[in-house]
Amino acid sequence: QVQLVESGGGLVQAGGSLRLSCAASGNILSINRMGWYRQAPGKQRELVADITSVGSTNYADSVKGRFTISRDNAKNTVYLQMNSLKPEDTAVYYCNYERFRTYWGQGTQVTVSS
């Protein structure tokens, strides 16, 4: 089992920044992929960004150039630095861990006001 605990969400004005963190614990394997997804009201959950244990990253087109994903393998923690936030970034953000199985965090709300 893997447990994921997210933190760092909140309310911010358009153009502002937030940093999300996700700490993984439990049966963590050294080779894995972690990522951030988001789900806005009435919409499907979508990938925001992900990163492998060797640092390869992937971003949704809508966040390229504004968001940066990173990780600290020693702490089993993944981060999402979100800059130049827009109202359309408003969603519940979920941390994700994949290695043979998929695990999800409980989600953290990000609200961007115009």
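**Exercise 1. Decide whether Arg38 is buried or exposed, then trace its salt bridges.**

Step 1. Arg38 has a relative accessible area of 6%, so Arg38 is buried. The classes are these: buried is under 20% relative accessible area, exposed is over 50%, and partly exposed lies in between, with a 1.4 Å probe and protein chains only. Keep in mind that this is a predicted model, where local features need pLDDT of at least 70, side-chain atom pairs count only at pLDDT 80 or more, and totals for chains, interfaces and linings use all residues. Residues are numbered from 1 along each chain as its sequence is written, and side-chain values use heavy atoms, with hydrogens and water left out.

Step 2. Look for partners of Arg38. A salt bridge is a side-chain nitrogen of Lys or Arg within 4 Å of a carboxyl oxygen of Asp or Glu. Arg38 forms one with Glu46, at 2.8 Å from N to O, and another with Asp89, at 2.9 Å from N to O.

Step 3. Place the second pair in the chain. Arg38 is in strand S4, while Asp89 is in the loop between S8 and strand S9 (91-99), 51 residues apart. Strands are DSSP runs (E, at least two residues), numbered from the N terminus.

Step 4. Join the pieces: Arg38, Glu46, Arg66 and Asp89 belong to one network of salt bridges that share partners.

Step 5. Check the accessibility of the two acids. Asp89 is buried because its relative accessible area is 1%, whereas Glu46, at 37%, counts as partly exposed.

**Exercise 2. Find which residue of S5 is the bridge partner of Gly35, and which salt bridge that residue forms.**

Step 1. Start with the strands. S4 (residues 33-39) and S5 (residues 46-52) run antiparallel and are joined by six bridges. Two strands pair if DSSP finds at least two bridges between them.

Step 2. Follow the turn. S4 and S5 make a hairpin with six residues between them, and Gly42 in the turn has a positive phi of about 80°.

Step 3. Read off the partner: Gly35 is matched by Asp50 in S5.

Step 4. Turn to the side chain of Asp50, which forms a salt bridge with Arg33, the closest N and O atoms being 2.8 Å apart. Asp50 in strand S5 and Arg33 in strand S4 are 17 residues apart, and both are buried.

Step 5. Continue to the next strand. S5 also pairs with S6 (residues 57-59) in the antiparallel sense, over three bridges. Here Ala49 stands opposite Tyr59 in S6.

**Exercise 3. Work out which backbone nitrogens the side chain of Glu6 reaches.**

Step 1. Locate the residue: Glu6 is in strand S1.

Step 2. Test for a salt bridge. Glu6 is buried yet has none, and the nearest side chain of opposite charge, Arg45, is 7.7 Å away. For charge, Lys and Arg count as positive and Asp and Glu as negative, while His and the chain ends are not counted.

Step 3. Look at the backbone instead. The Glu6 side chain reaches the backbone nitrogen of Cys95 at 2.6 Å. A polar atom of that Glu6 side chain also lies 2.7 Å from the backbone nitrogen of Gly107.

Step 4. Survey the surroundings. Beyond four places in sequence, the residues that Glu6 touches (heavy atoms within 4.5 Å) include Ser21, Cys22, Trp36 and Tyr94.

Conventions. Helix = DSSP H or I, 4+ residues; strand = E, 2+ residues; numbered from the N terminus. Polar contact = N/O pair within 3.5 Å; in protein donor to acceptor, adjacent residues only side chain to side chain.
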